[in-house]
Amino acid sequence: MERTQCVICGHGTLSTLVSYPNFPANALATNQPPEADILINFTIAACEQCGCAQLRHLVDPSVLYTDEYTVVGFSPSWKTHHDVFAKFVKTNLSTPRILEIGGNAGALMARLPDVEYSVLDMFRHKDMPSSVTFVQGNCESFDYTGHPAVVLSHVYEHLYRPREFVAALKAGGVQDVFLAIPNFEAELNDSQIHVLNTQHTYYCDLEQIRYLFALRGYAMNAYHSHEDRAVPTHMIHFKYVGCPAIPLPVIQVADKIVSLHGNYAETIKDAKDDVFVSPAGMIGQMLWYCAKARGKLIRGFIDNSADKHGKRLYGTGCISYLPSSVTALSEVFVCPCKYASEITLALSAYTAIHIHGDPNAR
Ligand SMILES: [Zn+2]
């Protein structure tokens, strides 16, 4: 599926910023054979009218949203995030009923026990509590009649057609909308290469989100900035008040995204063949791709997460290993990411290895 119109303003000209042909559709740790991997054209383009950066090509959701992907909720940062967001929703909720879009295994609903809860999603997560009313459907074309409050925790930035989504909310008479969205500005300022990825399909600028909701009469009623470096998040409550539209905000993120991607690809140029890369996931995968484009072969990934250990990183021929397995290894390349200092420090305990990639050099 190709995007031909801007997700924010509907303008028809999107100009390409960066493009990665044959890029892995996912960044899962997998035991599947490499032949099962799906490769896509990962292209970020910017709207010539409003500046919003967005993916040109969209991946079939059934490829992206397997149960393996939806494991958020277990790290301490995510637990705190769910606690804070549940409190934010509870404080501003004016009805005892919620429809959550994309409930995963139920992390948020478990924190809102007094609410009549239903979940709308394209696929039911295997760990979702059986007591929950589950509705299968696409949130961009759903009939919201009878659902006064809708909640999205890290789902809004995954949408393919947010304009149509907000129109559907209005058409169904939804009064309250609660969003938890990554703070894209903080992520971009922090040089996070995966600020846009195969799942985060467009750059969610706070003012552009307000613009989109105001088009349908929704005004921002409450806002909380969750200042956590692992998951910096905007928490927003929109209320239907029939407000007038506001002028289209124009954003300037194209140059930053182009330079971030250019700098990232450059970092691998001094690495030798046969180097290990840390961490795995989307960040390591991007470095793997840039290395391959330069004719370099990566030996494997080093990652702290035990559930990746011994598994192949989707789209690559490489296995992930725990840091403790690297004592006999020669060289580890630490990706330029927000965890680089921690990773370097942790790896420095293994004196036999050479650590590549100075986090302070970016
Ligand atoms: Zn636009």
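1. Start with one residue pair: Leu14 has Cys47 as its bridge partner in strand 3. That pair belongs to the match between strand 1 and strand 3, which are antiparallel and joined over 8 bridges. Keep in mind that this is a predicted model.

2. Now step back to the sheet around that pair. It is an open sheet of 3 strands, ordered 1-3-4, and its pairing is antiparallel. Strand 1 (14-24) and strand 4 (53-55) are the edge strands, each pairing on one side only. From one strand to the next, the twist averages 20°.

3. What packs on this sheet? Helix 6 (residues 254-267) does, and it touches strand 1, strand 3 and strand 4. The direction of helix 6 makes about 30° with that of strand 1.

4. While you are in this part of the chain, have a look at Glu35. You will find Glu35 in the loop between strand 2 (29-30) and strand 3 (39-47). Is Glu35 buried or exposed? Glu35 counts as exposed, because it has 5 C-beta neighbours inside 10 Å, and the cut-off for exposed is 12 or fewer. Glu35 also pairs up nicely with a far-off sequence position for a distance check: Gly315 is 280 residues away in sequence, yet the two C-alpha atoms are 9.1 Å apart in space.

5. On to the other sheet, an open one of 7 strands. Its order is 7-6-5-8-9-11-10, and the pairing is mixed. The edges are strand 7 (133-136) and strand 10 (218-226), each with pairing on one side only. Direction ignored, neighbouring strands here are turned by 20° against each other on average.

6. Within that sheet, strand 9 (residues 176-182) and strand 11 (residues 233-240) run antiparallel and are joined by 7 bridges. If you want a pair to click on, Val177 has Phe238 as its bridge partner in strand 11. Helix 2 (residues 76-92) packs on this sheet and touches strand 8 (149-153), strand 9, strand 10 and strand 11. Its direction makes about 150° with that of strand 10.

7. Last, the domains. The domain assignment gives domain 1 (68-240) and domain 2 (271-361) for the protein chain. How far apart do the C-alpha centres of domain 1 and domain 2 lie? They lie 33 Å apart. The contact takes 7 residues from domain 1 and 6 residues from domain 2. On the side of domain 1 that touches domain 2, the residues divide into 4 polar, 2 charged and 1 nonpolar.

Terms used:
Residues are numbered from 1 along each chain as its sequence is written. This is a predicted model: local features need pLDDT of at least 70, side-chain atom pairs count only at pLDDT 80 or more; totals for chains, interfaces and linings use all residues. Helices (H or I, at least four residues) and strands (E, at least two) are DSSP runs, numbered from the N terminus. A residue is buried if 20 or more other C-beta atoms lie within 10 Å of its own, exposed if 12 or fewer, and partly exposed in between; C-beta atoms are placed from the backbone. Domain bounds come from an automatic or database domain assignment. Two residues are in contact if their C-beta atoms, placed from the backbone, lie within 7 Å. Ala, Val, Leu, Ile, Met, Phe, Trp, Tyr, Cys and Pro count as nonpolar, Asp, Glu, Lys and Arg as charged, and the others, Gly among them, as polar. Two strands pair if DSSP finds at least two bridges between them. Axes are lines fitted to C-alpha atoms, for helices over the stretch in contact, and angles run from 0 to 180 degrees between N-to-C directions.
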